[in-house]
Every structure is written in C-alpha cells, then in structure tokens.
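Biologist: Please put the model on screen, and then let us go through it in questions and answers.

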Amino acid sequence: MSAAPTQDAPGASTAATGSVTARRLLELRAEGRAGLVAYLPVGFPTVERSIEAALAVVESGVDVLELGVPYTDPVMDGPVIQAAAQAALDGGVRVADVFRVVAAVTERTGGRVPVLVMTYWNPVLRYGVDAFARDLAAAGGAGLITPDLIPDEGRAWLDASEEHGLDRVFLVAPSSTPERLALTVRASRGFVYAASTMGVTGVREEVGPQAARLVADTRAAGADLVCVGLGVSTGRQASEVGRYADGVIVGSAFVRPMLADAPWDERLAAVRAVGAELAAGVRSARSGAEQTTDAPTTPGEVDA
Amino acid sequence: MPDLTSSTTPGGAEHSVRADLTRSLATQEGPYFGEFGGRYVPEALVAALDELETEYRKALDDPAFVGELARLQREYTGRPSPLTEVPRFAEHAGGSRVFLKREDLNHTGSHKINNVLGQALLVKRMGKTRVIAETGAGQHGVATATAAALLDLECVVYMGEEDTRRQALNVARMRLLGAEVVPVTIGQRTLKDAINEALRDWVANVETTHYLLGTVTGPHPFPEMVREFHRVIGEEARTQILDRIGRLPDALAACVGGGSNALGLFNAFLDDEGVELYGFEAGGEGIETGRHAARFSGGAPGVLHGARSYLLQDDDGQTLPSHSVSAGLDYPSVGPAHSWLHDLGRATYQPVTDAEAMEAFRLLCRTEGIIPAIESAHALAGALRVGRAAAEAGRTDHVILVNLSGRGDKDVATAARWFDLVDDEAIAETATGTEGQL
C-alpha cells in the first residue's frame, strides 16, 4: 500500500482538494480495505426504482455509487448495460432525472455515500458543461466519471469541476503510455479509474494480471487513489482486486439481475445478494481470510 | 485553478491548438477543424490513434508508400477516373454546363476504394493483421473486403441487422471476398449502431486490429487522413476541367453523408475563392417531417463517434435517428471539416429530399445512359438547383462539376420499387433492397 497522500500530491490524491470520494476511500484504506463502487443506470427500470436499487446496494455494503446517464451510443458498454440504458431511454428517462436520483440517494444515505455520475460526454455538452456541474453539485453529487472524455478534450470540464468542487474521474487503460498516465493522473480528482482490460463493460471469467500492473503504473505516475473496473463480477474477483486497488468498480453484475423477467422485489433481492457477495469480497481482500458469500460485517445504513 | 493540461506530453498541449488559420484551407491538419473534430474517445484507443497518426504521417513522406498507393490507384482502381460532360442532362440545369467526375467507374463502384487502399497499406506498415469496418449498406464494406482480400488481411464488417437482411446481395459480395459480416442487433440496428459495435471491437482488439473507418468522421486522425486519401478526386478533376475548358468551374456539387467524397472533391478547390462549393445532404421526406439526415438544417454541434461536429440530437444530447432513401447518407453526424467549412461560409450545405434525388436519378439514366448511386443523385439534384439559380441570377457560361461518387447498380431494386417498374413479388424475390455507400 502506498503512503498517505501528501498535501502537494497532484490530481488524484485529493484530500487537499476536498473530494468526498477521496476522503471516503482514504477512510476505507485506514480500515484496511478497498471500497466497493457500484454502477447503476439512472431510470432503469424506472426513475423511482433506480433510486430503490441504489439504496439497496448501499444497504448490501456498497461504499460509493456510480449512477449512469443512459445514452443512445454507449461505446464503452457491453450488452448488459446497453440493454438497461436502452430500456431506460425507451421508458422516457431524461438527463435531468439524474439530478433527482442523485439528490434522493444522497439525502436518504445521509450524505455518507459519495454519489458519482457516469456519463458519456454529449449529454453534458448539450446540457451545458457548467450548468451540468452546477446542478450536479446542487444535488449533492460528488463528480463525474467520463468514459469518452480524455483530459485533452476536457478544458471546459476541468474549469467547471474546479468551480463547483466536483471530482473528475478519468480512465486509464492497459494501453496508456507513461506520458498518458501522467497526464491523466494530473487531470483527475477523486480517484483514477483503471480499466482492468482492453474492452467494454461486462462480466468476465478473470481479471487479468494487467490490472494489477496498470494500478502500479498509475501509482508510479503520481496517483494516490486508483480504483479498478471492467469485468469484476464475483466476490472472488473483488477480493483479488481489492488487494491492490483502492476501489473495486462493479457494473454489469449488478445490472444483470435487474434485467431478469421477475417481480421487482425478487430482482432487488438478487441485486442485494450480489452486493453482499462483493462487499464480503472487498472486506476479505487484505485480511487473509477466505472470501465468503455471507453478508458484510458492516452493512451500510439507509434512512429509508 | 491549476493549469492541469498545460503539459508537454503529446496529448496535453492540444487544448490551445485549434484550426491554424495561417494555413491554406486545403492543408488544414487535425485534430481540430475550427471548433470541430477532436478525439472524444475512450483512453484505451488513444495509443492506437497516436500510432496511426504517426504512421500515416511517415507514410505520406515515404516514396515507397506513395508509389505503391499510386500504382494501385492506377492499375487496380483504374484511376484517373474520367471527367464526363453531360449536355442532355444539363438541358435541365438552366443552361449551365455540367461535368461529372466519374468515381462510379472505380473498381468496386464508388470513391470508397481510394481511402480503403490507403488505410489497408497503412495496416500492413503497422504490422496489424486484422481490419474491421462499419457499413451502412455495403459499399464501404465491400471496398474494405476487397482491399483485405488483395492485401491478405482478416476482415470483419459490422452491419445493422436490418441492412444485412435487406441487402443480402452485398452481404454475399463481402462473404465472397472472404470477409466475415456481423449483423448488429442492438440499438436502432442502423449504421450508427454498426459504428458503435466496431468501436467496441476495436477497444478490445486494438493490438492486432485496425478500424478501417469509411469516411471523414471519427476521432483524429481519421477526418484528416481520409481526406488525404480522397483528395486525389479533386486534384484530378481540377486538372481535367482546366484541360477541358481552360478555367475553373463556377461551382462544385457533391452529396454529403459522412462527407468523404465531397471533401475529396472540394479539397483541391478550397483555396480557389471563385469556386462555389455545394454539399447536398439527405433531406429525406422533408426537414419538416423530422425524417431526414440534414445535419446543417436540423442539427446542432455535438459529439458522436469521437468527433465534435453538427449532429442530429434531441434536447438531452441523445442521438436522433436519421432517415434517407439512400443508406449512404443516412447518418446523424457529419465530418468535422464540413462543419468547419459550413461555419466559415466557405461551403454551402442544403438538403435534397428523397423525391428530388430520385427525380435526378431518373433524369441521368434517361438523358445520359448513366445509372448513378442514389447518394450521388442527391448531388445531381443539387446541381440542377444550382444551375437554375445561376440562370435566374442571369449568369452565363456557368459550369458545374459534380462528383458522381458511385454507380447505381446496387440501387436498382430500390429505384424499381420507387418508380413502380416491377411488381412487388418480383422485387421480393431479388432479395435486395435499398443499398448505400457509407
């Protein structure tokens, strides 16, 4: 584990920048474990139920939420998240609904769970970069994860996120050069999102060794906090990744049971079970204990 | 705030680099054309885009590469393509003389082969072994499958499921050439979704795979690079028209889907202020119906598939479906260089409806014995409009040069149905449908 961040550490370190996400991840580091970050699409299956799903995963042990803005052309997403996003769009979800969901989730979790928004860039451009940042901050959101925005194109977002005190989570990939890692780390705030593999979101059998290598390289490029996403779906994988990353990001594994043809209560229960397994995984990562599928020992509390 | 991007790394300095207005318009380099273009892509692709840009610039300075491409253009494609004057067609153009740049006579039947051969040679230089491509209806897919066969590359073409069904013959053409055709069953099952799927493939396989993008859209360096491989169209045409009439034409006309044939023609004339440039977009069933692909009439700047450009989008920035009788023009965005030329006022973009295009299609068939691609028929319809406007303005000795970007064999079934030339059952048996170029 790397040392605690220094005040003058660049970008993704944080404490100095007042990032709530970074603060939470550092608390968890002090507890000796990685954070569990859950992705859920806003408006799927409905706006109200996406709030319920978010609260459910927090109850099951998720530490940080990543709420996705449904978009017509999600090139970094695999079939599961594509299907949910399309269903949300077909259901009439609007970009502004994301602020309502963020506000509801933030309020009902007592502001204890950082709520990030994952969005492709065009909806933000269309809304207005500064207006989006302003409204996200007003809703209590922590910041943005931007899968198709590289810092090179991010001038307006860099300015708006400074202005409104929001996290900027940019991605790094196994193909990133040392120069690109350094550039991205400098531009990031909150944490850096390390894509475990070359590919899109989805469930995979294995998280390869390149993920650990990328995390090490990203730290070497100056990042303090690095979370790993893409392809993590089981408690065993979460445990493995939690050994070397500050956070384990899971999307498709949460969304898949939500797509099932079953009553909503059953789907929610299945989502909770996924959260519990993953939460146990991140909690066992550095303890040397065998990963279990039992409920987490410190479940989140929700004012609901 | 700290200047987080004032970096000395290759990617970091690009913020301040917008279009260089001291350059001629024709030699503008990416990533930006005015405020358009850029690289709105996942970080995972940046290394490949950097490599592509480096290799492409090196290749253009390498006599061996330039020579090999020129040889293929001459001996394989059949370049230079002829310039044909069409006087009987021009009788309907208000007295203007009309010349056609005959890209329809290229191998594979359209201008697409120019870009495909250039990129396929680059793929060999980069040591990659697999190419992927999108196709709306077949022409770019067929051209890519052709080059892949010629240069011994594995080839996968993504195509909307709807199109694979309606255009079974082009699917068969690609398969005959050894390509794998993957029907795309997600989203709107259109060209846009085929590009999404190709991008997903590319992210996962970028080490071995080149995305052979078919037009002047996408992230840098594609818009600039694809223009470079097509600028031969305008360079030949400029020489040919000077040779034929001793002066430059008054106007150019081209159809604009992504915009590669238009930019290929326009580029050699961009710095000739006296030459008016007209791009014709798909007006579909009419702008007022919402069923069109007229980005400059019904769109606004936005980001899709890696570039900022004019885009058909709703108030939330969601991409709107486009519509055209011509699949090659049926795309919700447009190459960033066209958005730049539009905003500069250097080129004029107008919609041409399905009905206008089909009327021009029939006119060229009947008056000149040339069956154009329906895409190109949009340029023909536009040329008729430009010619008539010139006559109304009292201009004489007016000359219009039209890019006939593709031939219409692929469109015979669509045209037959449009003009009610065959009964529906016979059409159904041909197992073909609307086909396009993009």
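The exchange below covers the interface, a helix pair and salt bridges.

Modeller: This is a predicted model, where local features need pLDDT of at least 70, side-chain atom pairs count only at pLDDT 80 or more, and totals for chains, interfaces and linings use all residues. Residues are numbered from 1 along each chain as its sequence is written, chains are lettered from A and ligands numbered from 1 in the order written, and side-chain values use heavy atoms, with hydrogens and water left out.

Biologist: What area is buried between chain A and chain B?

Modeller: Buried area is the accessible area (1.4 Å probe) that two parts lose on being put together, summed over both. Carbon and sulfur atoms give 53% of it here. The area buried between chain A and chain B is about 3,800 Å².

Biologist: Which residues of chain A lose the most area to chain B?

Modeller: Three residues together account for 18% of what the chain A side buries. They are Val75(A), Arg126(A) and Glu153(A).

Biologist: Which element gives the most to the side of chain A that touches chain B?

Modeller: Contact means heavy atoms within 4.5 Å, and 46 residues of chain A are in contact with 45 residues of chain B. Helices (H or I, at least four residues) and strands (E, at least two) are DSSP runs, numbered from the N terminus. With six residues, the element that gives the most is H8(A).

Biologist: How many salt bridges does the rule find across the interface of chain A and chain B?

Modeller: A salt bridge is a side-chain nitrogen of Lys or Arg within 4 Å of a carboxyl oxygen of Asp or Glu. Asp73(A) forms one with Lys192(B), with the closest N and O atoms 2.7 Å apart. Over all chains the count is 54; across this interface, it is three.

Biologist: How far apart in sequence are the parts that Arg24(A) and Asp63(A) tie together?

Modeller: The side chains of Arg24(A) and Asp63(A) meet in a salt bridge at 3.7 Å, N to O. Arg24(A) lies in helix H1 (residues 20-30) of chain A and Asp63(A) in the loop between helix H2 (47-59) and strand E2 (64-68) of chain A, so the parts tied together are apart in sequence by 39 residues.

Biologist: Are H1(B) and H4(B) roughly parallel or roughly perpendicular?

Modeller: Axes are lines fitted to C-alpha atoms, for helices over the stretch in contact, and angles run from 0 to 180 degrees between N-to-C directions. The axes of H1 (residues 46-60) and H4 (residues 112-126) of chain B come within 10 Å and cross at roughly 105 degrees. Angles under 35 degrees count as roughly parallel and 65 to 115 as roughly perpendicular. H1(B) and H4(B) are therefore roughly perpendicular.

Conventions: Angles under 35 degrees count as roughly parallel, over 145 as roughly antiparallel, 65 to 115 as roughly perpendicular and the rest as oblique.
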